[in-house]
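Me: Got a minute to go through a fold with me? I'd like to start with the overall picture and then poke around inside.

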Amino acid sequence: MAALISRRLFSPLHPSVRCLSTTSPKSNASSQSKTKSSLNRQDRKNIVLVEGVRTPFLLSGTTYKNLMPHDLARDALRGLVKRTNVPTDGVDYIIMGCVIMEVKTSNIAREAALGAGFSNRIPAHTVTQACISANQAITTGMGLIASGECDTIIAGGVEFMSDVPIRHSRKMRKILLSSQKAKSIPAKLQLVRQALSPSVWVPELPAVAEFSTNETMGHSADRLAAAFQVSRREQDEFALRSHTLAQKATDQGLLIDRLDYKVPGVAEPVTKDNGIRPSSIEQLSKLKPAFIKPHGTITAANASFLTDGASACLIMSEAHALKMGYKPKAYLRDFLYVAQDPKDQLLLGPAYATPRLLKKAGLTLGDIDAFEIHEAFAGQVLSNFKALDSDTFAQSYMGLSSKPGAPPMEKVNTWGGSLSLGHPFGATGVRLATTAANRLIHEDGQFALIAACAAGGHGHAMIIERYPS
């Protein structure tokens, strides 16, 4: 791998864009031995995650296919209200993430909030930052709480891949717009002649591709896996692990953030994620490459699938949560965002963000009890781990004297991940945060780290600390 990296398959290290955390330490630091001095910031408010929920995540084109995205977002909000009993007029602000917007409900946070019965005096806005949109919704809410502007925030996200906007070609759009201004018969006939060209009628289909490079994320993942020498076998084994652990967590009733969802016209409520499909290495090995053919290693089985789903979480200042009688799940501690070259380092956000966040928080890799890493592709996760475990990469690209080390696999995504549970782009961040908090409680841990890559070469990481019992 060192030889590959030395051939400059990656661009030089770009400075990351850091956002300061907005939280302060817990008031009873003595009760948990691993609390670090950098978390003890008396000038910051404690911000807590009270609860998080999500609809079941479903393969696009299945049971949710006749809904609209605001239906899922609305009912995630309703589910959160039912779970927490938060008053619908007692929230200060609502923020939701979404990537591929339905044009009729472009500010889907507002439409979902009104549909869920929240007061029309509660402002709401929608954020988009690709796969970390819900993470951005959370941290934006944290900023509002830290500033003193708000005490109670709902953050969430939604994605609906069963019905995405498909546009006319640009030529056709020009014709349609010009038709509104054409007054004379000759002008109108000229537009009709232009519209008769077959090329005008070819639609523009959306694609998960980088605008700056025109490369699909799957191609980027294939190149990344090749650069870090992640074999097809390793990727298939990681994908199988994700599905197996997700099935086990489902069977054991650990995925308590998931709501039962009643779809209109469907007799039985949806109670499970339908993308979880444990298989065998032999079956996975039969699948053909999906992007770089015939020698690529990314397949339909070791890549996350197009998913419909929504999520929502309630975050508060600690003082207000206790005043309202809540028992929070976790503190939301430090976080940061990074950005790299979107051509050669598109999916390496977690590798860059993790060591910087740990240093910022005064923690070590060994202090982290649970890791929740977004699984866009098995090859992407494993490449990030190999980058973290490489002295060459650390010194040449991260500006570190030695490798930070990769997270121990026994602490990573032990309830499954995006490969198996699904990845609604705008909603995954809340699932990561809520799962991390629930795992800390179930596993009797203290600190969790979540990390995710995103289009544009972005990455995000956050430290979550279990609320003391």
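**Walking through the model**

Reply: Sure. Among contacts in the protein chain between residues at least 6 apart in sequence, 81% join residues at least 24 apart. Keep in mind that this is a predicted model.

Me: OK. How many helices and strands does the protein chain have?

Reply: There are 15 helices and 10 strands in the protein chain.

Me: And what radius of gyration does the protein chain have, against what a compact globule would have?

Reply: The protein chain has 23 Å, and a compact globule with 469 residues would be near 23 Å, so the two agree. Along the principal axes, the C-alpha trace spans about 80 × 60 × 45 Å.

Me: What about burial, how much of the protein chain counts as buried?

Reply: 57% of the 469 residues count as buried. The protein chain exposes about 19500 Å², with carbon and sulfur atoms supplying 54% of that.

Me: Let's switch to pockets. What's the volume of the largest pocket?

Reply: The largest pocket holds about 910 Å³ of space. It is lined by 32 residues, and the closest to its centre are Ala 207, Val 208, Ala 209, Leu 306 and Phe 425.

Me: What does that lining look like by class?

Reply: For the largest pocket it's 23 nonpolar, seven polar and two charged residues.

Me: And the second largest pocket, which residues are closest to its centre?

Reply: Those are His 243, Gly 275, Arg 277, Ala 300 and Ala 301, out of 14 lining residues. The volume of the second largest pocket is about 250 Å³.

Me: Which helix gives the most to that lining?

Reply: Helix α8, residues 232-251, gives the most to the second largest pocket, with three residues. By class, the lining of this pocket has 10 nonpolar, three polar and one charged residues.

Me: How many cavities of 30 Å³ or more turn up in the whole structure?

Reply: A search of the whole structure finds one. The largest cavity has a volume of about 40 Å³.

Me: What lines the largest cavity?

Reply: The lining is Pro 350, Thr 354, Phe 371, Ile 373, Phe 385, Leu 388, Pro 407, Leu 449 and Ala 451. That makes eight nonpolar, one polar and no charged residues.

Me: Which helices and strands each supply at least two residues there?

Reply: α11 (349-361), β8 (368-373), α12 (378-388) and β9 (447-454) each do that for the largest cavity.

Me: New topic: Gly 157. Where does Gly 157 sit, and why does it count as buried?

Reply: Gly 157 lies in strand β5, residues 152-160. Its relative accessibility is 0%, so Gly 157 counts as buried.

Me: What is Gly 157 in contact with, leaving aside its neighbours within four places in sequence?

Reply: Gly 157 is then in contact with Met 96, Gly 97, Gly 309, Ala 310, Ser 311, Gly 426 and Ala 427. As for Val 430, that residue is 273 residues from Gly 157 in sequence, yet the C-alpha to C-alpha distance is 7.5 Å.

Me: Last one, Glu 51. Buried or exposed?

Reply: Buried: Glu 51 has 13% relative accessibility, and the cut-off is under 20%, so it counts as buried. Glu 51 is found in strand β1, residues 47-54.

Me: And what does Glu 51 touch, not counting residues up to four places away in sequence?

Reply: Glu 51 touches Leu 80, Arg 83, Thr 84, Ala 312, Cys 313, Leu 314 and Lys 329.

Notes. Residues are numbered from 1 along each chain as its sequence is written. This is a predicted model: local features need pLDDT of at least 70, side-chain atom pairs count only at pLDDT 80 or more; totals for chains, interfaces and linings use all residues. Side-chain values use heavy atoms; hydrogens and water are left out. On a 1 Å grid over the protein atoms alone, a cavity is a set of points where a 1.4 Å probe fits but cannot get out, and a pocket is an open set with protein on both sides within 12 Å along at least five of seven lines; lining residues have an atom within 4 Å of a point. Grid points are joined across faces, edges and corners, and a volume is the space filled by probe spheres set on the points. Ala, Val, Leu, Ile, Met, Phe, Trp, Tyr, Cys and Pro count as nonpolar, Asp, Glu, Lys and Arg as charged, and the others, Gly among them, as polar. Helices (H or I, at least four residues) and strands (E, at least two) are DSSP runs, numbered from the N terminus. The radius of gyration is taken over C-alpha atoms; the globule rule is 2.2 Å times the number of residues to the power 0.38. Buried means under 20% relative accessible area, exposed over 50%, partly exposed in between (1.4 Å probe, protein chains only). Contact means heavy atoms within 4.5 Å. Accessible areas come from the Shrake-Rupley method with a 1.4 Å probe; for residues, only the protein chains shown count as cover.
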